[in-house]
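Okay, thanks for coming, everyone. I'll put the structure up and then walk through a few parts of it.

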Amino acid sequence: MSLVTIDHSTCRRDGMCSEVCPPALFEVDGEGFPVFRAGGEQDCITCGHCVAVCPQGAVHHERIPLEESLPIDPALTVSVPALDQLVRSRRSVREFRDEPVPQALVREVIEVARWAPSAVNRQPVHWLVIQTPDEVKRLAGLVIDYLRQSNRLEPRYTRYIDLWEQGKDPILRNAPHLAVIHAPDEWLWSSVDSTIALTQFELAAVAQGIGTCWAGFLMRAANGHPPLKEALGIPEDHSVYGALMYGFPRYRYPRVPPRQEARIQWR
């Protein structure tokens, strides 16, 4: 049986499923109905375009149950001004309240993030969520160990090491939680796919009132300091491609400061 079949009783023969298929796996029969190409199972990336675009629900894909492909609710459409304000008001938060973020709320944010696009729908992203503040602090200490080693070769981290020794945390900012993304090394697009997913996580977090900040020091150390990679439990054939410290912000930011104009070259 073909991976994708068409219900002729409801198909309008408009060709939309064929046109939106990225690998062009549909042909047209003598009556104008789309036909999934023989042998196309191996080339199908299970993106769901064919199922999503058909208003009649005439496309049946064995890997994408129609009953699980929910219709879009027009009432939930996000206005451009609302999206614009969400993006503009997002800030890198480095001061957090002691109040923990409920796990259920983080699950909702990851649910949004897992729909981020990925190259050929590979979906290579793996999530590691550190929920315990003490563990976040321990990981920050391992990053400091890495900076101490690096400082011997290139003394540029002295300031951060000194702050740590004064009892301050310039690495993860005493954040209560940490989200880390890792993905397979063999996949060419792991870095891009992970960055897109973590960016989507960040915007969803802001919409839920959660503050975030990219954990650049940890991202650098995770792939260059074996004790940290081991502490994170990252598989040998994976690398860390992104990390965000997060928690409820200590302060509100009621204003949007200006930014430089976009550098655009029109052709």
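**Helices, crossings and a few single residues**

So, let's start with helix H7, where the buried residues are Ser190, Asp193, Ser194, Ala197, Leu198, Phe201, Glu202, Ala204 and Ala205. Before I go on, a reminder that this is a predicted model. What covers those buried positions in H7? The cover includes H4, S5 and S6, along with strand S7 (211–214) and strand S8 (238–247). As for the helix itself, H7 has 18 residues and spans 26 Å from its first C-alpha to its last, close to the expected 26 Å at 1.5 Å a residue. After H7 comes Gly209, and its phi is positive, near 85°.

Now, H4 was in that list of covering elements, so let's look at how H4 and H7 meet. If you take helix H4, residues 103–113, and H7, residues 190–207, their axes come within 8 Å and cross at roughly 135°. That angle is why H4 counts as oblique to H7. The crossing of these two is right-handed. Which residues do the touching? On the H4 side you have Val109, Ile110, Val112 and Ala113, and on the H7 side they meet Ala197, Gln200, Phe201, Ala204 and Ala205. By class, that contact of H4 with H7 comes out as 8 nonpolar residues, 1 polar and no charged. If you look back at the buried set in H7, Ala197, Phe201, Ala204 and Ala205 are in it, and those four are also in the contact with H4.

Next helix, H5. It runs over residues 133–153, so on your screen look for 21 residues reaching 31 Å from first C-alpha to last, close to the 30 Å expected at 1.5 Å a residue. Which of its residues are buried? In H5 they are Val136, Leu139, Ala140, Gly141, Leu142, Val143, Ile144, Tyr146, Leu147, Ser150 and Asn151. Among the elements covering them are strand S5 (126–130), strand S6 (177–184) and three helices: H6 (158–165), H8 (216–222) and H9 (226–232).

Let's take H6 out of that list. The H5 and H6 axes come within 10 Å and cross at roughly 140°, and because of that H5 is oblique to H6. Is this crossing left-handed or right-handed? For H5 and H6, left-handed. In the contact, Lys137, Ala140, Gly141, Ile144, Leu147, Arg148 and Asn151 of H5 meet Thr158, Tyr160, Ile161, Trp164 and Glu165 of H6. The classes here are 6 nonpolar, 3 polar and 3 charged residues for H5 with H6. So if you keep one thing from the two contacts, H4 with H7 has no charged residues, while H5 with H6 has 3.

Okay, over to some single residues. Cys50 sits in helix H2, residues 49–53. Is Cys50 buried or exposed? Its relative accessible area is 8%, under the 20% cut-off, so Cys50 is buried. Leaving out residues up to four places away in sequence, Cys50 touches Cys17, Val20, Phe26, Val59 and His61. For a sense of distance, Cys50 and Leu128 lie 78 residues apart in sequence and 32 Å apart in space, C-alpha to C-alpha.

Compare that with Trp189, in the loop between S6 and H7. Trp189 has 42% relative accessibility, so it counts as partly exposed. Its C-alpha is separated by 23 Å from that of Pro226, 37 residues away along the chain.

Last stop is backbone angles. Gln123, in the loop between H4 and S5, has a phi near 50°, which is positive in a residue other than glycine. Asn174 is not a glycine either, and its phi is positive at about 55°. You'll find Asn174 in the loop between H6 and S6.

That's the tour, happy to take questions.

Terms used. Residues numbered from 1 in each chain as written. Predicted model: local features only at pLDDT ≥ 70, side-chain atom pairs only at ≥ 80, totals over all residues. Heavy atoms only, no water. Expected span 1.5 Å × (residues − 1). Buried < 20%, exposed > 50% of the residue type's maximum accessible area, 1.4 Å probe, protein only. Contact = heavy atoms within 4.5 Å. Axes fitted to C-alpha atoms, helices over the stretch in contact; angles between N-to-C directions. Parallel < 35°, antiparallel > 145°, perpendicular 65-115°, else oblique. Left-handed = near helix turned anticlockwise from the far one by under 90°. Nonpolar A, V, L, I, M, F, W, Y, C, P; charged D, E, K, R; others polar.
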